[in-house]
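Welcome, and please open the model in your viewer. We will go from the whole molecule to a few places worth selecting, one stop at a time.

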Amino acid sequence: MDPLTIRLNTTFLRSRVPNLTVAAKNAGLRPATVSNLCTGKIPLGRAEIRTIVLLAKLANCSVDDLIIIEDYSKKIETGIKTIDLFAPLVLNSTVGLIARPDMGQLALLAEVFHRLKNNSFKTITLTPKQEDPGLKDLLHESDYIAAGFEEIAVLLSDEWKNKNILLVVDRAHVISGELGDFNQNLQLKEVLSLTTFLMDLSGEAPDEDLPFGPLDTIWQFDAELVAQKYYPAIHPLFSISESYPLDKKQNRLQQDARKTLRRYRELRALYAIRGYEKMSKKEKNDFTRGQKLEAYLTQPFFIAEPYTGQKGCFVKIVALFNDINKILTEDLAELEASSLLYKGDLDTVV
Ligand SMILES: Nc1ncnc2c1ncn2[C@@H]1O[C@H](COP(=O)(O)OP(=O)(O)OP(=O)(O)O)[C@@H](O)[C@H]1O
């Protein structure tokens with residue numbers, strides 16, 4: 001396994017060039033290329049040198065400053081299967097949540113806070129500009145609820161200077177430029193680590209091309225999963241992590257899982273019209289495998305225990321990838337997809 005990989009320092013780039021898309025366009029770069037480099041759709045190793053040099057020029061820094069050499073130890077294990085598989089969380093990254101109202105973004109953030117705050121992380125929520133009844137659990141899981149960025153800056157440079165910080169900010173604070181200003185000033189201070197989650201209470205993010213500007217990780221929510229009450233409703237195809245925190249084998253399994261779910265979605269659409277019996281043997285196989293994988297990726301949350309009556313569960317990354325391998329390669333004929341709903345790892349089912 002190659003323990004090191006390179007990636008673009010998007011947090012730094014964003015703080016140096018707040019309106020990156022426009023600035024990149026004016027400098028003769030394609031905004032889509034810059035965006036794909038920031039989200040990792042284009043790996044940094046495949047970027048044109050001209051692009052990197054122009055970005056460094058825009059940010060008024062050296063090319064070295066723009067490149068992060070990442071090692072896998074910076075990956076944060078959440079124990080949430082669909083996150084650790086499709087869009088893993090990495091220390092010091094910025095995660096954007098793209099969701100309509102009621103898709104579960106607040107529940108997911110509360111759950112991530114809940115899981116990580118006992119694990120050397122301190123959790124902060126910046127009070128959103130708009131009210132939302134769904135905020136209750138997130139605020140409950142926040143070690144600190146800040147009224148403004150000034151408070152957070154004081155906290156980070158003083159009491160929590162040597163802590164790993166998780167911060168939730170609403171998109172309204174990104175649009176107003178307050179988050180950009182905060183990040184810019186933060187460069188001057190010594191912060192151990194700051195991982196930022198950008199949520200969107202307005203529900204408008206899915207309509208925008210770049211709702212939060214450049215991101216390291218996208219957690220996109222999926223209406224089809226919500227409609228089936230399959231939570232967390234993380235879209236398996238559009239949720240991605242730029243930082244390549246997976247090793248080669250895990251990366252292959254991630255891609256195979258995506259392929260399987262993409263095919264399953266196609267077949268489900270055909271099945272709705274043509275019926276199951278009209279499918280070929282291969283199509284039936286692909287269909288049931290996809291159905292099982294989708295069901296396996298549902299998971300009970302600790303914070304939802306009072307509402308669901310079901311105990312939350314943590315699935316270790318090693319178990320997760322073993323399970324994905326099994327579901328993708330073995331027959332598992334005796335296993336009904338419905339028996340995989342809201343369980344932990346496969347050992348708890350089989
Ligand atoms: N992991 C989960 N387990 C069970 N139910 C869930 C889960 N995640 C979300 N839900 C369901 O989805 C509903 C909406 O979740 P949540 O309040 O997080 O939505 P939201 O997208 O943040 O919405 P809003 O911004 O409109 O408040 C919850 O009340 C719950 O019924």
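What pLDDT does the protein average, and what share of the residues score at least 70? This is a predicted model, and the protein averages a pLDDT of 91, with 95% of the residues scoring at least 70. For the complex, the predictor gives an ipTM of 0.92 and a pTM of 0.81. If you colour by confidence, keep one caution in mind: predicted coordinates should not be read in detail where pLDDT is low.

**The whole protein**

Start with the cartoon view. You will find 16 helices and eleven strands. The radius of gyration is 21 Å, close to the 20 Å that the globule rule gives for 350 residues, so the protein is as compact as a globular protein of that length. Along the principal axes, the C-alpha atoms fill a box of roughly 60 × 45 × 40 Å. Of the 350 residues, 41% count as buried.

**Around the ligand**

Next, select the ligand and the 16 residues around it. Coming nearest are Pro 101, Gly 104, Leu 106, Ala 107 and Gly 134. Now highlight helix α7, residues 105-116: with three residues, this helix supplies the largest share of the shell. Then colour the shell by class, and you will see ten nonpolar, four polar and two charged residues. Colouring by domain is useful here too, since domain 2 (94-215) and domain 3 (248-348) each contribute at least three residues to the shell.

**Strand β9 and its partners**

Move on to strand β9, residues 193-199. Is this strand largely enclosed or open? Six of its seven residues are buried, so β9 is largely enclosed by the rest of the structure.

Add its partners one at a time:

- Strand β5 (residues 94-98) runs parallel to β9, and three bridges join them. Select Val 95 to find it opposite Phe 197 of β9.
- Strand β8 (residues 164-170) also pairs with β9 in the parallel sense, over seven bridges. Here, Ile 165 stands opposite Leu 194 of β9.

**Helix α3 and what follows**

For the last stop, select helix α3, residues 31-39. Which of its residues are buried? They are Val 34, Leu 37, Cys 38 and Thr 39. As you show their side chains, recall that an α-helix has 3.6 residues a turn, so residues three or four places apart point the same way. Finally, step just past α3 to Gly 40, which takes a positive phi of about 90 degrees.

Technical notes. Residues are numbered from 1 along each chain as its sequence is written. This is a predicted model: local features need pLDDT of at least 70, side-chain atom pairs count only at pLDDT 80 or more; totals for chains, interfaces and linings use all residues. A residue is near a molecule or strand if its C-beta atom, placed from the backbone, lies within 6 Å of it. Helices (H or I, at least four residues) and strands (E, at least two) are DSSP runs, numbered from the N terminus. Ala, Val, Leu, Ile, Met, Phe, Trp, Tyr, Cys and Pro count as nonpolar, Asp, Glu, Lys and Arg as charged, and the others, Gly among them, as polar. Domain bounds come from an automatic or database domain assignment. A residue is buried if 20 or more other C-beta atoms lie within 10 Å of its own, exposed if 12 or fewer, and partly exposed in between; C-beta atoms are placed from the backbone. Two strands pair if DSSP finds at least two bridges between them. pLDDT is the predictor's confidence in each residue, from 0 to 100. The radius of gyration is taken over C-alpha atoms; the globule rule is 2.2 Å times the number of residues to the power 0.38.
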